[in-house]
Every structure is written in C-alpha cells, then in structure tokens.
Amino acid sequence: MDIVNVDFELFNYDPTIDFHGVRTLLRQLLDADASLFDLSSLSDLIVEQNTVGSTCKVDDKANDAYAFLTVLNIQEHSPTKPVVKQLAEYLADRATKSQDETLAKVVPEVLLGEGKQQVGLVLAERLLNMPAEVIPPMWSCMIDEIEAAVEDKEPYEFTHYLVLSRTYLEVESTLNQTERKNKRSKATGELQYFHPEDEEMRKFATAAGSFEYTKEGQAAVADSKRAFQEMGIKPVGFMMLIEAEKFPKAVQGITEYVATGGMSMEIS
C-alpha cells in the first residue's frame with residue numbers, strides 16, 4: 001500500500017478566501033436543519049472574526065478549508081446578528097426536547113436568560129476521515145487565542161461554552177422491504193460520534209445530549225447514508241454545555257485521548 005505524506009497547516013480566517021469553504025462545512029454541521037439559517041451571514045461573521053479560531057488546510061492558505069473551528073459570543077452578537085439570535089433560540093428549543101433533563105433545563109437558561117451568563121458557541125466541523133492528529137492543535141490554539149483576546153479586552157470572557165456537533169444512530173435498513181415502505185427507520189443501538197473527541201469532551205460537560213433535527217428525513221434518507229451492509233445511519237444533533245473553568249481541561253483531555261490512540265478515524 002502506498003503512503004502519501006500530507007502536511008496540514010492551521011491558518012487564521014481570511015474573508016477573501018474562506019467564506020465558501022466555511023459555508024460548506026456549516027451546511028454539513030447543521031445537517032438537515034441547515035436550510036433554516038442564513039449560512040452566508042453566519043459564514044461572514046466567522047471569517048471576519050479572524051483573531052480567534054482557525055482553518056486547517058493542505059498545501060496553501062489559498063485552498064478551501066478541510067476543517068474549521070471558532071467560538072461566537074451569543075450575548076454579544078444576538079442583538080445585531082439575526083442569525084446568531086436564531087441559532088440561540090433554535091438550540092434552546094432543541095435542548096428542551098432532549099432526553100437529558102439537565103440539558104433541557106440549563107441550556108435555555110444560559111442562552112436566553114437575563115442573568116450575567118456569557119456563552120461561547122463553539123462551531124467545529126471537518127471533512128470526513130481527517131486524521132485525528134490535526135484536531136488537538138486546533139483546540140489548543142483557540143484556547144491561547146481566547147486568553148489573548150481577553151487580555152486585549154475583547155468579548156471572549158465566557159462563563160460557559162456550548163459546543164455544537166453531530167452524532168448518529170444506527171437504523172434498520174428499509175431497502176428491499178416493501179412492507180415497510182414510507183415508514184421511518186427504527187433507530188437501534190447507542191449514540192455514535194462523527195467526531196470521536198466529543199465522547200471524551202462530554203466527560204467535562206455540565207450537560208450533554210443529542211437532539212432531533214426539526215427537518216428529520218424519512219427512512220430513505222437513512223438508507224442513503226448507510227454505513228453497514230444491513231444498517232443505515234440516522235444523523236442527530238449533539239450539544240455539550242461546559243463551564244468556562246473546565247473548558248481547558250476538556251481540551252487537554254482531547255489531546256491526551258489522541259496521544260494514547262483513543263480516537264479512530266470517522267466513518268466515510
């Protein structure tokens with residue numbers, strides 16, 4: 001088997017280059033509900049915020065991003081950025097419908113409450129089968145950038161971080177089963193992670209859980225995303241609320257997890 005050496009590099013956001021790549025990855029992150037949001041406005045906000053967060057690319061800064069990571073201040077941007085306000089309301093609503101009672105109670109309070117909470121919404125996505133080793137540096141760099149931004153009096157002094165991600169459930173295939181036509185696929189088994197580091201990070205979370213997309217597809221969609229011969233997959237959203245003082249430890253947990261070989265490649 002031939003081995004191909006690839007050098008991945010991290011870059012700050014460049015509004016003249018990164019808009020389309022980030023928008024494509026946002027559509028992947030938000031999955032079935034991506035059409036609910038103005039992804040162009042959200043992409044603009046992310047790439048203009050070029051002191052915190054990064055893209056991961058191959059060969060040259062001018063290429064599209066293979067991965068991105070950023071954090072947005074919900075309370076800072078909601079009054080002036082409708083897409084951020086909509087995201088906050090959407091996540092609060094989805095949390096209330098989660099099976100995790102703590103998530104259902106706490107997330108709406110910190111996102112929409114009138115207290116002194118400052119919530120950093122963490123958005124991260126990457127192409128499938130990206131090497132696990134590129135993930136910890138992106139998170140570690142963001143921690144350092146947040147600390148520098150706080151020293152410069154920028155609005156990144158958070159009380160909580162809300163990490164938005166994706167997970168999936170295996171579902172019984174409906175292919176060649178005409179008697180089950182037009183019925184939803186039946187979810188089976190435990191929650192599986194598109195981003196394996198989420199399983200480690202959730203250990204540090206105050207609350208974490210999956211949620212159904214509002215535009216959940218029918219059984220045929222699960223069959224189109226089959227991962228195994230007899231099984232399909234049903235994508236579901238996932239969020240983790242982490243207190244700010246625990247966030248660096250969560251990032252360190254990811255680093256150690258990868259270093260010990262705990263993170264395998266994602267499904268394709």
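Me: Which helix of the chain has the lowest mean pLDDT, and which the highest?

Reply: Helix H8 (residues 219–224) has the lowest mean among the elements, 42, and helix H2 (residues 39–48) the highest, 98. Here pLDDT is the predictor's confidence in each residue, from 0 to 100. Helices (H or I, at least four residues) and strands (E, at least two) are DSSP runs, numbered from the N terminus. This is a predicted model, where local features need pLDDT of at least 70, side-chain atom pairs count only at pLDDT 80 or more, and totals for chains, interfaces and linings use all residues. Residues are numbered from 1 along each chain as its sequence is written, and side-chain values use heavy atoms, leaving out hydrogens and water.

Me: Over which residues does pLDDT stay under 50?

Reply: That happens over residues 218–224. Where pLDDT is low, the predicted coordinates should not be read in detail. For the chain, the mean pLDDT is 87.

Me: Why are H4 and H5 called roughly antiparallel?

Reply: Helix H4 (residues 82–96) and helix H5 (residues 101–112) pack at about 165°, with axes 7 Å apart. Angles under 35 degrees count as roughly parallel, over 145 as roughly antiparallel, 65 to 115 as roughly perpendicular and the rest as oblique. H4 and H5 are therefore roughly antiparallel.

Me: What meets what between H4 and H5?

Reply: Residues including Ala-88 and Leu-91 in H4 meet residues including Leu-103 and Val-107 in H5; contact means heavy atoms within 4.5 Å.

Me: How many residues of the chain are buried, as a percentage?

Reply: Buried residues make up 50% of the 268, where buried means under 20% relative accessible area (1.4 Å probe, protein chains only).

Note on methods
Axes fitted to C-alpha atoms, helices over the stretch in contact; angles between N-to-C directions.
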